[in-house]
Amino acid sequence: TTMDSLQEAIPYGDLYRKDLAKMISEFANILKKDTKIYRSDQCGQYSDIAGQTDEMYNYIIQSCKLGLMGLKQDGTIDTSFKPEAKVTRSQFVAVLSRLLYGSQYNISIDSGYKWYEWHVNALKKNKIITKVDQATLNNREARMYVWVMFERVYKTIQ
């Protein structure tokens, strides 16, 4: 977190997409994942990001350029970003999986699988996530649990 105290970071509060864009972009920097998949002109076309602060706008674009957020299930760029939407566990899992494995677990729309299923299986196999039942995957994600999974990832690469 970039906050001065844990309480200011609202550890058990809902996580919004714009905030996840910041968190995942910063974590990508820590992991030295600086490969740009998409150009900024491709990522800047979201219909719903006008009015964001410069900081949030830049993180939204960065998370897209890295191929992590603002994408359809098959990995192509979406038309909207939904910066004010709350993040579910399944959405976070897809973003984290893309950070670690690139587009390997993105699936086509007509595959017959749930859009996040392969992402979940990859992270479960590597013990990065442990609670993966359907109810948990539909729950809103809390910042604290994102930090826990970031720590697990960081420990596995050390």
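**Core, helices and salt bridges in the predicted model**

L20 touches L15, S25, M69, V87, F92 and V95, once residues up to four places away in sequence are set aside. Everything here comes from a predicted model, so the contacts should be read in that light. L20 makes a handy way into the interior: together with I24, M69, F92, L96, L99 and F150, L20 is listed among the residues with the most contacts inside the largest nonpolar core, which holds 44 residues. Two of these well-connected residues, M69 and F92, also turn up in the contact list of L20 itself. Helices α1, α3, α4, α5 (117–125) and α7 each give two or more residues to this core. As a general matter, nonpolar side chains in soluble globular proteins tend to be buried together.

Now for the helices themselves, with α7 as a good place to start. Helix α7 runs to 15 residues and spans 21 Å from its first C-alpha to its last, close to the 21 Å expected at 1.5 Å a residue. Its buried residues are R143, M144, V146, W147, M149, F150 and V153, and these pack against α1 and α4. In general, an α-helix has 3.6 residues a turn, so residues three or four places apart point the same way. In α7, buried residues with that kind of spacing include M149 and V153. F150 belongs to this buried set and is also one of the residues with the most contacts inside the largest nonpolar core.

Not every nonpolar residue of α7 is tucked away. I157 is found in helix α7 and counts as partly exposed, at 48% relative accessibility. With I30 and Y154, I157 makes a nonpolar surface patch of about 290 Å².

Helix α3 tells a similar story about length. Its 12 residues reach 16 Å from first C-alpha to last, close to the 16 Å expected at 1.5 Å a residue. M56, Y59, I60, I61, Q62, S63, C64 and K65 are its buried residues, and they pack against α1 and α2. After α3 comes G67, with a positive phi near 75 degrees.

The loop between α3 and α4 is where F81 sits. F81 is buried, its relative accessible area being 0%. Leaving aside neighbours within four places in sequence, F81 is in contact with R17, K18, A21, Y46, D48, I49, I60, S63, M69 and G70. Two of these partners, I60 and S63, are among the buried residues of α3. F81 and I60 are 21 residues apart in sequence, with 8.0 Å between their C-alpha atoms. M69, another partner of F81, is in contact with L20 as well.

Helix α4 also holds S90, a buried residue with a relative accessible area of 4%. With neighbours within four places in sequence left out, the contacts of S90 are W115, Y116 and L137.

Turning to charged pairs, the count comes to 7 salt bridges. One of them joins the side chains of R89 and E141, at 2.5 Å from N to O. R89 lies in helix α4 and E141 in the loop between α6 (134–138) and α7 (143–157), so this pair ties together parts that are 52 residues apart in sequence. Both R89 and E141 are buried.

A further long-range salt bridge forms between K86 and D14, whose closest N and O atoms are 3.0 Å apart. K86 belongs to the loop between α3 (54–65) and α4 (89–101), while D14 is in the segment before α1 (17–30), so that distant parts of the chain, 72 residues apart, are linked. Here K86 is partly exposed, with a relative accessible area of 30%, and D14 is partly exposed too, at 28%.

R39 and D41 form a salt bridge as well, with 3.1 Å between the closest N and O atoms. R39 is exposed, with a relative accessible area of 53%, whereas D41 is partly exposed at 44%.

Finally, there is K32, placed in the loop between α1 and α2 (40–43). K32 is exposed, with a relative accessible area of 69%. From K32 to G44 there are 12 residues in sequence and 23 Å in space, C-alpha to C-alpha.

How values were computed
Residues numbered from 1 in each chain as written. Predicted model: local features only at pLDDT ≥ 70, side-chain atom pairs only at ≥ 80, totals over all residues. Heavy atoms only, no water. Salt bridge = Lys/Arg side-chain N within 4 Å of Asp/Glu carboxyl O. Helix = DSSP H or I, 4+ residues; strand = E, 2+ residues; numbered from the N terminus. Buried < 20%, exposed > 50% of the residue type's maximum accessible area, 1.4 Å probe, protein only. Core = buried A, V, L, I, M, F, W, Y, C linked by side-chain atoms within 4.5 Å. Contact = heavy atoms within 4.5 Å. Patch = residues over 30% accessible without salt bridge, like charges linked within 9 Å, V, L, I, M, F, W, Y side chains within 5 Å. Areas by Shrake-Rupley, 256 points an atom, 1.4 Å probe, with all protein chains shown as cover. Expected span 1.5 Å × (residues − 1).
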